[in-house]
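Biologist: Please take a close look at one local part of this model, and set it within the chain as a whole. I would like each term to come with its cut-offs.

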Amino acid sequence: MNERIASIRAVASCVEGYDPDALPVDAARAAIRACLAPIAGLERVATRSALGRVLAEDIVPAIDVPAHDNSAMDGWALRAADLNETGETALTEIGSALAGRTYDGTVGPGQCVRVMTGAVMPRGADCVVVQEVVRADGARIVVPAGQKRGQNVRAAGEDLKTGVAVLRSGRALTPADLGMIASLGIGEVSVRRRLRVAFFSTGDELASIGQPLAAGQVYDSNRYTLHAMLTRLGVELADLGVVRDDPRALEDVLRRAAASADAVVTSGGVSVGEADFVKQGMARLGEVLFWKIAMRPGRPMAFGRIGSAFLFGLPGNPVAVMVTFYQFVREALLVLGGRGDDAALPLLCAQAAHAFRKVPGRTEFQRGILYRDGALWKVKSTGQQGSGVLRSMSEANCFVVLEHARGRIEAGEPVQVQLFEGLI
Ligand code: AMP
Ligand code: MG
């Protein structure tokens with residue numbers, strides 16, 4: 001272990017409520033967060049290819065957007081001072097301006113210029129009157145009363161101002177951001193390199209797809225959910241397959257994984273009573289903490305560091321893998337990848353459609369279906385909540401997050417939900 005890297009145990013144990021054998025969800029999240037630092041390493045990418053990437057520079061406009069005052073409507077540009085306050089005003093059209101084609105002259109007293117949306121405001125004009133209210137007869141233009149200075153004019157810089165940063169380093173780029181960067185004429189941006197994540201499944205009972213199932217075997221589904229969840233995070237993946245419950249094999253793969261990845265995610269082998277050599281194998285290679293988290297599903301979890309890679313040892317049960325990934329790994333990987341904003345999943349409030357069984361002393365992540373009932377958003381359970389019932393995750397569109405201290409929830413009570421859509 002690198003001596004300069006602070007001990008994970010020392011950092012984690014400073015978190016309020018830290019108790020590895022009964023760790024509240026929030027304390028586990030805080031303990032992980034306290035140990036993480038973003039990876040180094042930048043690259044330049046084309047603006048078009050930067051969706052979801054994490055900015056590694058501030059974007060500071062070198063130009064105003066829009067660059068010029070321009071018309072927001074089709075109509076006539078004129079001088080508000082020329083208009084009669086109470087009646088109509090007749091003006092003379094002296095030319096026209098289109099988007100991309102400016103009018104080079106100056107609008108003088110009693111004059112106006114035909115303008116189309118996006119046309120640069122002709123010099124001298126300070127107001128646009130929409131064509132629908134104007135009477136035009138050749139060059140004679142009659143404008144009704146009630147027009148105001150500045151109306152239907154988009155001011156230069158009203159979207160983006162020269163010198164005022166619009167996006168900060170650490171921002172994960174959205175479609176709107178990319179359009180905004182393009183509006184500044186910037187074709188390339190500096191971003192963090194992609195996080196490298198290695199993952200594998202552990203278990204003697206696992207069969208790979210394509211093999212017939214022998215007695216007592218199950219197909220390795222966790223690698224498929226993990227692959228999919230990691231793909232949505234935009235990380236670079238290394239799928240290391242299935243590792244048997246064998247200390248040497250496990251150490252081998254872990255060593256290989258940690259040498260080439262920023263984070264290693266495994267499933268299985270960390271439960272209480274699990275063949276201890278899996279845990280020993282993990283612990284021998286680095287500093288690994290084995291937690292019993294006060295949550296359901298997903299009680300056992302390992303967190304640690306092997307060399308410079310962070311290890312997330314998730315439980316084996318298919319639902320527990322997903323819940324612990326959503327609740328701990330997702331956010332941790334976003335932070336490691338350089339996200340500077342709050343990457344935590346938002347909690348929304350909904351009404352319980354029926355009673356939910358719950359015991360105090362642990363956070364439960366039940367699988368729910370959020371739906372609309374008139375003006376209300378209600379949530380109902382997907383039914384069977386066993387941590388092996390992966391169908392519950394597939395049918396759900398949200399977690400129903402039942403807080404640590406809470407007991408049974410009655411129908412009609414408010415509950416918190418975390419939406420799946422768009423988050424992972
Ligand atoms: P473990 O945490 O290794 O004790 O595994 C707990 C349960 O999850 C066992 O019933 C395993 O068969 C199941 N399980 C473990 N790994 C996988 C996997 N990769 N795919 C599907 N089920 C698994
Ligand atoms: Mg196992």
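Modeller: The protein chain carries 47 positive and 46 negative side chains, and the centres of the two sets lie 2 Å apart; Lys and Arg are counted as positive, Asp and Glu as negative, with His and the chain ends left out, and each charge is placed at NZ of Lys, CZ of Arg, CG of Asp or CD of Glu. This is a predicted model, in which local features need pLDDT of at least 70 and side-chain atom pairs count only at pLDDT 80 or more, while totals for chains, interfaces and linings use all residues. Residues are numbered from 1 along each chain as its sequence is written, chains are lettered from A and ligands numbered from 1 in the order in which they are written, and side-chain values use heavy atoms, with hydrogens and water left out.

The radius of gyration of the protein chain is 30 Å, where a compact globule of 424 residues would have one near 22 Å (taken over C-alpha atoms, with the globule rule being 2.2 Å times the number of residues to the power 0.38). The C-alpha trace spans about 90 × 50 × 45 Å along its principal axes. The chain holds eight helices and 24 strands, which are DSSP runs numbered from the N terminus (H or I over at least four residues for helices, E over at least two for strands). Of its 424 residues, 45% count as buried, where buried means under 20% relative accessible area, exposed means over 50%, and partly exposed lies in between, with a 1.4 Å probe and protein chains only. Among contacts, meaning heavy atoms within 4.5 Å, between residues at least 6 apart in sequence, 70% join residues at least 24 apart.

The part I would single out is around Met73, a residue in the loop between β2 and β3 (75–78). Leaving aside residues up to four places away in sequence, Met73 touches Val115, Met116, Thr117, Val128, Val130 and Asn152. Even with these contacts, Met73 counts as partly exposed, because its relative accessibility is 34%. Pro144, by comparison, is 71 residues from Met73 in sequence, and their C-alpha atoms are 17 Å apart in space.

Asn152, one of the residues that Met73 touches, sits in the loop between β8 (140–143) and β9 (153–154). Its backbone deserves a look, for Asn152 has a positive phi of about 60° although it is not a glycine. With 26% relative accessibility, Asn152 also counts as partly exposed.

Pro66 belongs to the loop on the other side of β2, between β1 (42–46) and β2 (70–71). The peptide bond that joins Val65 and Pro66 is cis, with omega about -10°. A cis bond also leads from Arg296 to Pro297, where omega is near -5°, and Pro297 lies in the loop between β17 (295–296) and β18 (300–306).

As for cross-links, a search of the whole structure finds zero disulfides, a disulfide being a pair of cysteine sulfur atoms within 2.5 Å. For Cys349, the nearest cysteine sulfur is that of Cys398, 12 Å away. Cys349 counts as exposed, at 59% relative accessibility, whereas Cys398 is buried, with a relative accessible area of 0%.
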